[in-house]
Amino acid sequence: PTTALGEYYRVYVEDFWAGNHPVPAFDQVADSAMAFFGKEIAANRSEPIQFQTERAWHAGTTQGLLRLYTERTPMEPLLSNLAMGEDYTAYILEYVTADHGKVAVLWMEWPVGCKYCTPVQPGPATNSEDPLDKAVAANGRASAFIDSFRYGKD
């Protein structure tokens, strides 16, 4: 959102069956998404992206993979023109799923510990100690973005 500095929400969808290709394993799709989306991030930032954890999930007949990354984000030179004087940690959550040969990757990124950024609105509270549950609970826009995704009918 343009009103939430440091937050990014992206979606990428590909129909593998349309090209007569098998759907790759979710971890391969997540790796490809990190290479694709992460290339731009790596070009703009000097710190490496750190893998934290991943978890397979399912809801009814739908399944997928969640991955959590963090990255220390230096203000210089990326945000120096905004007079933001300190580093923060970026949380990156990748959500991968597939349905009838259509694969989707949802990418959510938000700042943690950035006093100059727009405050991240919390999502539904969790009692879980799982880092992925905590990450989604920490950002209401990320959980709303995940919940809003629906496949269209074939």
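Where is tryptophan 110 found? Tryptophan 110 sits in strand 5, and that strand is a handy place to start the tour. Before going further, a word on what you are looking at. This is a predicted model, in which local features need pLDDT of at least 70 and side-chain atom pairs count only at pLDDT 80 or more, while totals for chains, interfaces and linings use all residues. Residues are numbered from 1 along each chain as its sequence is written, and side-chain values use heavy atoms, with hydrogens and water left out.

**The overall layout**

The chain holds three helices and five strands. These are DSSP runs numbered from the N terminus: helices are H or I with at least four residues, and strands are E with at least two. Going along the sequence, you meet them in the pattern β-α-β-β-β-β-α-α. Of the 154 residues in the chain, 40% are buried. Here "buried" means under 20% relative accessible area, "exposed" means over 50%, and "partly exposed" is in between, with a 1.4 Å probe and protein chains only. The accessible surface comes to about 8,800 Å², and 53% of it belongs to carbon and sulfur atoms; such areas come from the Shrake-Rupley method with a 1.4 Å probe, and for residues only the protein chains shown count as cover. As for contacts (heavy atoms within 4.5 Å), residues 24 or more positions apart account for 59% of those with a separation of 6 or more.

**Strand 5 and its neighbours**

Back to strand 5, which covers residues 102–112 and is mostly covered, with nine of its 11 residues buried. Tryptophan 110 counts as buried because its relative accessibility is 1%. Not counting residues up to four places away in sequence, tryptophan 110 touches a list of residues including Gly6, Thr89, Leu93, Val120 and Ala142. Leucine 5 is 105 residues away from tryptophan 110 in sequence, yet the two are 8.5 Å apart in space, C-alpha to C-alpha.

Strand 5 also has strand partners, where two strands pair if DSSP finds at least two bridges between them. Strand 1 (residues 8–15) runs antiparallel to strand 5, and eight bridges join them. Aspartate 15, for instance, has lysine 102 as its bridge partner in strand 5. Strand 4 pairs with strand 5 in the antiparallel sense too, over 11 bridges, and valine 96 finds its bridge partner in valine 105 of strand 5.

**Two loop residues with positive phi**

Strand 4 and strand 5 form a hairpin with two residues between the strands, and histidine 100 takes a positive phi near 50° there. Histidine 100 is partly exposed because its relative accessible area is 46%. Asparagine 20 also has a positive phi, near 60°, in a residue other than glycine. You'll find asparagine 20 in the loop between strand 1 and helix 1 (26–44), and it counts as exposed because its relative accessibility is 73%.

**Aromatic pairs**

Rings of Phe, Tyr and Trp (its six-membered ring) pair if their centres lie within 6.5 Å; planes under 30 degrees apart count as stacked, over 60 as edge-to-face and the rest as tilted. By this rule the count comes to five aromatic pairs. Here are two of them:

| Pair | Type | Centre to centre | Between the planes |
|---|---|---|---|
| Phenylalanine 51 and tyrosine 69 | edge-to-face | 5.7 Å | 70° |
| Tryptophan 57 and tyrosine 95 | stacked | 5.3 Å | 15° |

The stacked pair ties together parts 38 residues apart in sequence, because tryptophan 57 lies in strand 2 and tyrosine 95 in strand 4 (residues 88–99). Both tryptophan 57 and tyrosine 95 are buried. In the edge-to-face pair, phenylalanine 51 belongs to strand 2 (residues 50–59) and tyrosine 69 to strand 3 (residues 62–73), 18 residues apart. Phenylalanine 51 is partly exposed at a relative accessible area of 44%, whereas tyrosine 69 is buried at 7%.

**Helix 3**

Last stop: helix 3 (residues 140–148), whose buried residues are Gly140, Ala142, Ser143 and Ile146. They lie on the same side of helix 3, because they cover an arc of only 165° around the axis, the arc being that of the directions from the helix axis to the C-beta atoms. In an α-helix there are 3.6 residues a turn, so residues three or four places apart point the same way. The buried residues of helix 3 pack against strand 1, strand 4, strand 5 and helix 2 (131–138). At the N-terminal end, asparagine 139 caps helix 3, with a side-chain oxygen 2.9 Å from the backbone nitrogen of arginine 141. That fits the rule for a polar contact: a pair of N or O atoms within 3.5 Å, where within protein one must be able to donate a hydrogen and the other to accept it, and residues adjacent in sequence count only if both atoms are side-chain atoms.
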